[in-house]
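Thank you all for making time this morning. Please have a look at the structure on the screen while I talk you through a few parts of it.

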Amino acid sequence: MKTRLIPALLATALLAALPSLTMAQAAPAAAGAQQGQAGSAVLDASTRILTTLQARRTEFRGNPTALRGFINGELNKTFDRDYAARLVLGVHGRGASDADVKLFADAMADNLMQRYGSALLEIQGKPTFRLKSESPLPGNRGVRVSTELIRAGSEATPVDYLMRNVNGQWKIFDVMIEGISYVQTFKTQFDAPLRQKTIQQVATELRNGTMQAGQAPRGK
């Protein structure tokens, strides 16, 4: 289940948050769960995105450019892609310019979208998210919004969103599915390439498809 969910749920934004949001409608919070502003942002975004995808499914199927434009717009609203990219780069991003980090973040997003974007239009059934809790992250880094993905015939899947307040708006910078972190997954993947190449070179390979995000590098 983990191997199927990670590409499907983390495909865009780095598409991280968006596919998981689009796969579910907002469900009532579980008893005892406290829905704060960050949790509300997650559920509001899921409802807005899913409603739009359903209403414009035919248009998006015939116009991939319109689909990409819609998703990119939603990513700007819900996902802190540059901050997430710095976390993915880790030590390789120390001293890197904001322009290089943005180049890497955008290249990852485009690479994932080319491979998984159309899958967002093939969602079947009506899975839902159930909000479980919202708790502060250590070091005043933001909050963790814990949810469960509920699908008919399947066990509930834990999905946690790590969020921080950016100029008064809660944005997602990591998603954890069954305990597997989007940031850590890609940090591990790109460690070896970034030891051998510059951020610009890795971004170029992501752009032209020589390297694929979410795919283990081939051995020599």
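I will go from the core to a pair of helices, and then to a strand and two loops.

Please keep in mind throughout that what you see is a predicted model.

Let me begin inside the protein, where the largest nonpolar core has 50 residues, and where the residues with the most contacts inside that core are F104, Y161, M163, F190 and L206. If you ask which helix gives this core its largest share, that is helix α7, residues 98-116, which supplies 7 residues.

Two of the core residues I just named, F190 and L206, will come back as we turn to helices α8 and α9. In helix α9, which covers residues 199-208, the buried residues are I199, V202, A203, E205 and L206. How are these buried residues arranged when we look down the axis of α9? They fall within an arc of 160°, so they line one face of the helix. As a general reminder, an α-helix has 3.6 residues a turn, so residues three or four places apart point the same way.

Helix α8, residues 182-196, packs against α9 at an angle of about 120°, with the two axes 8 Å apart. An angle that is over 115 but not over 145 degrees counts as oblique, and α8 and α9 are therefore oblique to each other. The crossing in which α8 passes α9 is right-handed. As for the residues that meet there, α8 brings F190, P193 and L194, while α9 brings I199, V202 and L206. After α9 comes G209, and the phi of this residue is positive, near 85°.

Now to the strands, starting with S146, which sits in strand β3. Is S146 buried or exposed? With a relative accessibility of 10%, S146 counts as buried. Leaving aside residues up to four places away in sequence, S146 touches R130, L131, K132, S133, V159 and D160.

Finally, the loops. N140 is found in the loop between β2, residues 128-136, and β3, residues 143-150, and its phi is near 60°, a positive value in a residue other than glycine. N140 has a relative accessibility of 76% and so counts as exposed. N167, for its part, lies in the loop between β4, residues 157-166, and β5, residues 169-177. The phi of N167 is near 55°, again a positive value in a residue other than glycine, and N167 is exposed, with a relative accessible area of 80%.

Technical notes. Residues numbered from 1 in each chain as written. Predicted model: local features only at pLDDT ≥ 70, side-chain atom pairs only at ≥ 80, totals over all residues. Heavy atoms only, no water. Core = buried A, V, L, I, M, F, W, Y, C linked by side-chain atoms within 4.5 Å. Buried < 20%, exposed > 50% of the residue type's maximum accessible area, 1.4 Å probe, protein only. Helix = DSSP H or I, 4+ residues; strand = E, 2+ residues; numbered from the N terminus. Arc of directions from axis to C-beta. Axes fitted to C-alpha atoms, helices over the stretch in contact; angles between N-to-C directions. Parallel < 35°, antiparallel > 145°, perpendicular 65-115°, else oblique. Left-handed = near helix turned anticlockwise from the far one by under 90°. Contact = heavy atoms within 4.5 Å.
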